[in-house]
Amino acid sequence: MTGSPHLREITPDNIEAALGLWVRPDQERLVAPVVKSLAEAYVHPGIAWPRLICAGDEVVGFLMGFFDVDWTGDGTDLRSGLWRLNIAAGQQGRGYGRFAVESVAAEVRRRGGTRVTTTWHPGADGPAAFYLGLGFRPTGETSGDQTVGVLEL
């Protein structure tokens, strides 16, 4: 890692760096581009938590957490977790994804939560092994065509 990883809010000063972040070409179908995530954050204020992942002054990734989403639509199942995770193509395998998940988990805890929810595309080329290796367990649910997983804190 180039310096200790840390999170930064997205501002007018760093938005171009955020928009210029790309995953590997073979991963592009597995995760939305940062520009879509920022648009979703704009229309979901108070729920979406977009952040840049930086090492020193270098932008190495992007995450977006979510908080208190009405998962079932009936007010009985509020969930928080990791909505998006994009690690730059040349920065993968350096611990930034783990740092991102740990950062979202810390924010969930700070807000009083006890579990982190995320989703991933199933299949051999998807990120299931990454999430399972961090302790996420599939719930048996799907969200669209994605597997839903939970990490108990």
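Visitor: Where does Gln27 lie, and why is Gln27 called buried?
Guide: Gln27 sits in the loop between helix 1 and helix 2; here helices (H or I, at least four residues) and strands (E, at least two) are DSSP runs, numbered from the N terminus. Buried means under 20% relative accessible area, exposed over 50%, and partly exposed in between (1.4 Å probe, protein chains only). The value for Gln27 is 16%, so Gln27 counts as buried.

Visitor: What should I keep in mind about where such values come from?
Guide: This is a predicted model, in which local features need pLDDT of at least 70 and side-chain atom pairs count only at pLDDT 80 or more, while totals for chains, interfaces and linings use all residues. Residues are numbered from 1 along each chain as its sequence is written, and side-chain values use heavy atoms, with hydrogens and water left out.

Visitor: How far apart are Gln27 and Tyr42 in space?
Guide: From C-alpha to C-alpha they are 24 Å apart, with their places 15 residues apart in sequence. Tyr42 belongs to helix 2, where it is exposed, as are Val35 and Val43.

Visitor: How do you know that the buried residues of helix 2 line one face?
Guide: Those residues are Val34, Ser37, Leu38, Glu40 and Ala41. Seen down the helix axis, they fall within an arc of 160°, so they line one face of helix 2; the arc is that of the directions from the axis to the C-beta atoms. Val35, Tyr42 and Val43 are on the other side.

Visitor: What do the buried residues of helix 2 pack against?
Guide: They pack against helix 1 (15–19), strand 2, strand 3 and strand 4. Such packing rests on contact, which means heavy atoms within 4.5 Å.

Visitor: What makes Ile47 partly exposed?
Guide: Its relative accessible area is 28%, which lies between the two limits, so Ile47 is partly exposed. Ile47 is in the loop between helix 2 and strand 2. Leaving out residues up to four places away in sequence, Ile47 touches Gly65, Phe66, Phe67 and Val69.

Visitor: What about His121: buried or exposed?
Guide: His121 has a relative accessible area of 15%, under the limit, so it is buried. You will find His121 in the loop between strand 5 and helix 4. Beyond residues up to four places away in sequence, it touches Arg29, Leu30, Gly126, Pro127, Asp145 and Gln146.

Visitor: Why does Gly123 get the label partly exposed?
Guide: At 44% relative accessibility, Gly123 falls between the limits, so that label fits. Gly123 also has its place in the loop between strand 5 and helix 4.

Visitor: What is notable about the phi of Asp68?
Guide: Phi of Asp68 is near 55°, a positive value in a residue other than glycine. Most residues other than glycine have a negative phi. Asp68 lies in strand 3, and its 53% relative accessibility is over the limit, so Asp68 counts as exposed.

Visitor: What makes a group of residues a nonpolar core?
Guide: A nonpolar core is a set of buried Ala, Val, Leu, Ile, Met, Phe, Trp, Tyr and Cys residues joined through side-chain atoms within 4.5 Å. The largest one here has 23 residues, and Ile53, Leu63, Leu85 and Phe136 have the most contacts inside it. Helix 3 gives the largest share of this core, 7 residues. A second, separate core has 12 residues, including Leu38, Cys54, Val59 and Met64.

Visitor: What makes a space a pocket, and which residues lie nearest the centre of the largest one?
Guide: On a 1 Å grid over the protein atoms alone, using a 1.4 Å probe, a pocket is an open set of points with protein on both sides within 12 Å along at least five of seven lines, and lining residues have an atom within 4 Å of a point. The largest pocket is lined by 38 residues, with Val31, Arg84, Leu85, Pro127 and Tyr131 nearest its centre. Strand 4 gives the most to this lining, with 6 residues.
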